[in-house]
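The following note is intended for a student who is reading this structure for the first time. Please keep the sequence and the structure in view while going through the points.

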There are 2 protein chains.
Amino acid sequence: MEYALRDERALLEKYLRDRGLKMTRARETVLDAFLGLESHVSVEAVIEAARRLDPGVGQATVFRTVKLLVDAGLAREACHDDGSRLFEHAYNHAHHDHLTCTRCGAVVEFIDPDIERSQEAVYRRYGFRSSGHRLELYGVCPDCAAKDAE
Amino acid sequence: MEYALRDERALLEKYLRDRGLKMTRARETVLDAFLGLESHVSVEAVIEAARRLDPGVGQATVFRTVKLLVDAGLAREACHDDGSRLFEHAYNHAHHDHLTCTRCGAVVEFIDPDIERSQEAVYRRYGFRSSGHRLELYGVCPDCAAKDAE
DNA sequence: AGTCTATTGATAAGGGTTATCATTTACAGA
DNA sequence: TCTGTAAATGATAACCCTTATCAATAGACT
């Protein structure tokens with residue numbers, strides 16, 4: 001765990017150094033806050049977490065730093081939760097799609113090789129060069145379905 | 001065309017009547033404006049179109065009516081265009097997914113039976129009951145790729 | 001240490017969407 | 001057709017999330 005954290009810190013430092021940017025206390029704080037949260041986090045949640053580590057962090061800085069983390073490949077934008085954007089870890093966290101329960105909000109992350117292959121076929125069919133995709137399946141999870149049956 | 005228009009008007013009237021709501025001039029205007037536009041429309045575009053038909057229409061009314069159209073099954077929310085939401089026709093307009101060019105914004109609507117089948121398999125695998133999905137493929141279209149090659 | 005420039009945090013501004021509210025309008029019933 | 005009542009309207013303000021502004025601060029290099 002600690003090793004991974006150091007990896008990500010090193011990645012961010014390299015990303016910053018490569019373009020003449022600086023590794024600052026605020027950026028460290030936001031990185032630690034983000035890494036300490038689980039998948040699918042709003043910027044607001046990162047702000048709260050960051051302020052638990054350092055109450056003085058400004059919200060503008062968190063917005064800016066989360067964008068940096070995305071550019072550096074440490075975070076990636078997940079499904080918009082209708083309104084605010086959600087982010088998830090991107091380092092050591094392979095590509096996957098989401099299966100979301102519309103009742104309780106539970107999220108299952110999955111990867112389906114058949115779907116991935118079929119998507120490649122669609123790209124070929126229309127002559128597009130692939131640059132990523134977003135697949136969200138919505139449904140009712142077993143627990144919520146069981147409650148319905150009662 | 002005119003028949004379809006009358007169909008959709010009748011659907012909206014039924015939807016409204018069934019819950020004690022009223023068919024008004026403003027709602028007619030917004031419906032006509034929406035139907036007169038092509039796929040993937042922002043609310044702002046609907047406002048403009050509605051005001052061409054009747055300059056007095058308020059923007060709050062358009063927002064409210066578009067939401068009504070979604071509830072009535074005449075419109076459906078498409079991919080968020082990062083910022084504002086986009087809507088498309090839902091009546092007589094079968095389910096499909098989107099393949100979007102990240103350079104020029106061109107959108108190809110497609111349906112792939114293999115992907116649909118594989119998605120059903122994912123639902124079964126996790127015991128979810130399906131209630132819809134959203135698949136957006138991003139890439140570079142042939143035209144933009146050709147420009148790159150120059 | 002000094003210098004130069006990126007970064008910060010507070011604040012204001014922006015864009016899209018929703019709430020408020022007095023006035024108007026549609027619809028049902030007389 | 002007239003009337004009563006509740007829904008709908010449009011103007012406006014408010015709201016949320018996000019970005020821009022800017023004077024003050026703080027990295028990183030010499």
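1. A term should be settled at the outset. A polar contact is a pair of N or O atoms within 3.5 Å; within protein, one of the two must be able to donate a hydrogen and the other to accept it. A contact of this kind, at 3.1 Å, joins the side chains of His96(B) and His98(B). The reader should also bear in mind that the model is predicted.

2. The surroundings of His96(B) deserve a closer look. This residue is found in the loop between strand E3 (86-89) and strand E4 (97-101) of chain B. Is His96(B) buried or exposed? Its relative accessibility is 11%, so His96(B) counts as buried, the cut-off for that class being under 20%. Besides its contact with His98(B), the side chain of His96(B) reaches the backbone oxygen of Ala94(B) at 3.0 Å. Leaving aside residues up to four places away in sequence, His96(B) touches Arg76(B), Glu88(B), Glu109(B), Phe110(B) and Ile111(B).

3. The overall build of chain A comes next. Its secondary structure amounts to 6 helices and 6 strands, and along the sequence these follow the pattern α-α-β-α-α-β-β-β-β-α-β-α. The C-alpha trace of chain A spans about 50 × 50 × 30 Å along its principal axes. Chain A has 150 residues, of which 39% count as buried. About 8600 Å² of chain A is exposed, and carbon and sulfur atoms supply 49% of that area. Among contacts in chain A between residues at least 6 apart in sequence, 46% join residues that are at least 24 apart.

4. Helix H3 (residues 43-53) of chain A illustrates how a helix can be buried in part. Val43(A), Val46(A), Ile47(A), Ala49(A) and Ala50(A) are buried in this helix. An α-helix has 3.6 residues a turn, so residues three or four places apart point the same way. The buried residues of H3(A) pack against H2, strand E1 (41-42), H4 and strand E3 (86-89) of chain A.

5. The relation between the two protein chains can be stated in a few values. Chain A is superposed on chain B by a rotation of 179° with 0.0 Å of shift along the axis, and the RMSD is 0.3 Å. Why is this notable? Such a rotation is the relation of a two-fold axis. In chain A, the C-alpha nearest that axis belongs to Leu135(A), at 2.2 Å from it. The same surface serves both copies, since 97% of the contact residues of chain A recur in chain B.

6. DNA strand C may be considered next. How many residues surround DNA strand C? There are 21, and the closest are Lys22(A), Thr24(A), Arg27(A), Thr61(A) and Arg64(A). Of the atoms of DNA strand C that come within 4 Å of the protein, sugar and phosphate account for 78%. The side chain of Lys22(A) has an N or O atom 2.8 Å from a base oxygen of this strand, while a polar backbone atom of Gly56(A) is 3.4 Å from a phosphate oxygen. From the other chain, a polar side-chain atom of Lys22(B) lies 3.2 Å from a base nitrogen of DNA strand C. Helix H2 (25-35) and H4 of chain A, together with H4 of chain B, give two or more residues each to the surface near this strand. The largest share, 5 residues, comes from H4(B). By class, this surface has 7 nonpolar, 7 polar and 7 charged residues.

7. DNA strand D completes the account. It is surrounded by 20 residues, and the closest are Lys22(B), Thr24(B), Arg27(B), Thr61(B) and Arg64(B). Sugar or phosphate holds 68% of the atoms of DNA strand D within 4 Å of the protein, and the rest belong to bases. Which residues make polar contacts with this strand? Among them, Lys22(B) has a side-chain N or O atom 3.1 Å from a base nitrogen, and Lys22(A) has a polar side-chain atom 3.3 Å from a base nitrogen. A backbone N or O atom of Met23(A) lies 3.4 Å from a phosphate oxygen of DNA strand D. The largest share of the surface near DNA strand D, 5 residues, comes from H4(A). The residues of this surface divide into 7 nonpolar, 6 polar and 7 charged.

Technical notes:
Residues numbered from 1 in each chain as written. Chains lettered and ligands numbered in written order. Predicted model: local features only at pLDDT ≥ 70, side-chain atom pairs only at ≥ 80, totals over all residues. Heavy atoms only, no water. Near = heavy atom within 4 Å. Helix = DSSP H or I, 4+ residues; strand = E, 2+ residues; numbered from the N terminus. Nonpolar A, V, L, I, M, F, W, Y, C, P; charged D, E, K, R; others polar. Buried < 20%, exposed > 50% of the residue type's maximum accessible area, 1.4 Å probe, protein only. Contact = heavy atoms within 4.5 Å. Areas by Shrake-Rupley, 256 points an atom, 1.4 Å probe, with all protein chains shown as cover. Least-squares fit on C-alpha atoms with pLDDT ≥ 70 in both.
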